[in-house]
Amino acid sequence: MGLTERVFDAFTKTILLSDKVEQLNATVAKQQLRIENLTERVIRLETALEFALLNKRPKHLPGPHS
């Protein structure tokens with residue numbers, strides 16, 4: 001294998017690696033959006049649960065009725 005072939009092989013591997021890094025970056029960006037969406041959904045569910053629990057609690061203390 002000559003010097004030219006090794007240099008060409010190194011350039012080829014660098015280009016392929018760069019392409020893989022770009023693909024990984026796109027995948028990570030998509031996953032980040034998905035995680036943010038799921039976080040928003042969990043927050044909404046927590047809020048709905050808090051409201052439901054607040055409405056279920058008695059408004060007065062139990063005791064003898066007069």
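## The overall picture

What percentage of the 66 residues in the protein chain do buried residues make up? The figure is 0%. Keep in mind that this is a predicted model.

As for secondary structure, the chain has one helix and zero strands. That helix, α1, covers residues 3-56. The protein chain has an accessible surface of about 6,800 Å², and carbon and sulfur atoms account for 65% of that area.

## A nonpolar patch

Let's look at the surface. Leu3, Val7 and Phe11 come together there as a nonpolar patch, and their accessible area adds up to about 310 Å².

Take Val7, one of the residues in this patch. Val7 sits in helix α1. Its relative accessibility is 37%, so Val7 counts as partly exposed; that class lies between the 20% cut-off for buried and the 50% cut-off for exposed.

## The salt bridge

How many salt bridges does the count come to? The answer is one. It links the side chains of Lys13 and Asp9, with 3.5 Å from N to O.

Where do these partners sit along the helix? Lys13 and Asp9 are four residues apart in helix α1, which means about one helical turn separates them.

Now for how open each partner is. Lys13 counts as exposed because its relative accessibility is 54%, and the cut-off for that class is over 50%. Asp9 has a relative accessible area of 31%, so Asp9 is partly exposed.

Key: Residues are numbered from 1 along each chain as its sequence is written. This is a predicted model: local features need pLDDT of at least 70, side-chain atom pairs count only at pLDDT 80 or more; totals for chains, interfaces and linings use all residues. Side-chain values use heavy atoms; hydrogens and water are left out. Patches are made of residues with over 30% relative accessible area and no salt bridge: like charges are joined within 9 Å, nonpolar side chains (Val, Leu, Ile, Met, Phe, Trp, Tyr) within 5 Å. Accessible areas come from the Shrake-Rupley method with a 1.4 Å probe; for residues, only the protein chains shown count as cover. A salt bridge is a side-chain nitrogen of Lys or Arg within 4 Å of a carboxyl oxygen of Asp or Glu. Helices (H or I, at least four residues) and strands (E, at least two) are DSSP runs, numbered from the N terminus. Buried means under 20% relative accessible area, exposed over 50%, partly exposed in between (1.4 Å probe, protein chains only).
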